[in-house]
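Open the model in your viewer and keep the selection tool at hand. The stops below begin at a turn and work outward to the whole chain.

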Amino acid sequence: MNLYSRVGTVGGIILLLLAFSVAFSTSSCTADHSKKNGKNATDFILPKESDLVRIADTVWDVTNYTVYADAILNNKYHTVYLHVKDKSGNPINDKTLDFYPEMSMGRMKHGGPYEHPLALGNGWYRSPMVFIMADIPQMGIGWQLHTIRSHKGKKDTLAIKIPVTAAASMRTMSSGTRDDSRVFISCLLPDNVKQGKHQIQFLMNKMDGHHFPVLDNYVIKIRTNMPSMGHGSSGNIAAESKGRGYYEGTVNFSMAGSWEVLIELWKDGKKANQDDIKYRVQVI
Ligand SMILES: [Cu+2]
């Protein structure tokens with residue numbers, strides 16, 4: 001059974017708490033901050049503010065911090081941006097700036113998959129991240145973006161509240177696996193897509209205490225189903241590793257309507273996922 005698809009039910013929350021209390025008892029993050037590995041020059045293009053959604057705004061130590069994202073934050077994969085300016089509106093480019101997402105659920109805290117931010121220039125920083133659950137009202141602060149600045153060898157952390165609501169269509173699923181225990185598979189497909197063939201991308205991470213290392217050594221097999229009509233489609237191509245935890249394949253929605261994308265995680269020629277993994281897609 002899939003714990004993370006059942007958040008919202010009391011049973012699901014209790015199971016989640018049990019799972020997290022085991023998983024998050026280890027020490028804090030000491031990850032390597034190698035920020036530019038595997039990046040292309042085109043990765044540094046500045047975002048257009050008008051294309052982004054403003055998520056949060058705060059002032060700290062006479063500096064303005066504004067969080068933006070590709071969309072209103074849901075419990076799924078997002079691209080998150082931070083724009084840092086001084087009081088006069090001048091951009092602040094700080095090579096030491098770092099940030100990471102963390103969810104506080106009362107007595108318990110956990111993170112999610114993310115990459116250390118890439119400094120784009122002009123005060124902009126960008127990181128992909130996966131919110132593995134939505135905020136739960138009445139249970140702790142919820143998700144925050146912890147932003148770290150270093151001055152003269154001293155580190156300061158600013159926690160910026162970033163609301164994360166439940167996705168209309170689940171895009172981040174979890175499953176037990178044979179070799180990597182619990183993994184998270186985020187499908188990057190939007191809720192609605194046009195009829196026809198599409199590239200389909202996934203990000204795959206395992207959960208290792210507070211860390212969510214990427215997994216590159218799987219093949220993600222893809223099948224489709226149209227529940228109302230009892231058929232699938234041909235022309236689906238398994239998603240192969242592209243590095244940094246990303247996979248890319250092809251999915252074919254041969255007509256309009258409600259579809260399911262069913263995936264299997266294969267490793268060393270064997271099916272490795274222990275839970276069913278299914279994404280719902282509305283084809284228009
Ligand atoms: Cu949580």
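Start with the hairpin formed by strands E8 and E9, which has 2 residues between the two strands. Select Lys152 in this turn: its phi is positive, at about 45°. The model is a predicted one, and the angle, like the other values here, is computed from it.

Next, select residues 142-151 and 154-161, which are E8 and E9. These strands run antiparallel, and 8 bridges join them. For one position along this pairing, pick Thr147, which stands opposite Leu158 in E9.

Now keep E8 and add residues 98-105, strand E4. How many bridges join E4 to E8? There are 7, and the two strands run antiparallel. To find one of these pairings, select Tyr100, whose bridge partner in E8 is His146.

Stay on E8 and colour its residues by relative accessible area. Is this strand largely enclosed or not? With under 20% relative accessible area as the cut-off for buried, 8 of the 10 residues of E8 are buried, so the rest of the structure largely encloses the strand.

Finally, select the whole chain. Its secondary structure comprises 19 strands and 1 helix. Of its 284 residues, 49% count as buried. The chain exposes about 13800 Å², of which carbon and sulfur atoms supply 51%. If you draw the contacts with a separation of 6 or more, 61% of them are between residues 24 or more positions apart.

Conventions: Residues are numbered from 1 along each chain as its sequence is written. This is a predicted model: local features need pLDDT of at least 70, side-chain atom pairs count only at pLDDT 80 or more; totals for chains, interfaces and linings use all residues. Side-chain values use heavy atoms; hydrogens and water are left out. Buried means under 20% relative accessible area, exposed over 50%, partly exposed in between (1.4 Å probe, protein chains only). Helices (H or I, at least four residues) and strands (E, at least two) are DSSP runs, numbered from the N terminus. Two strands pair if DSSP finds at least two bridges between them. Contact means heavy atoms within 4.5 Å. Accessible areas come from the Shrake-Rupley method with a 1.4 Å probe; for residues, only the protein chains shown count as cover.
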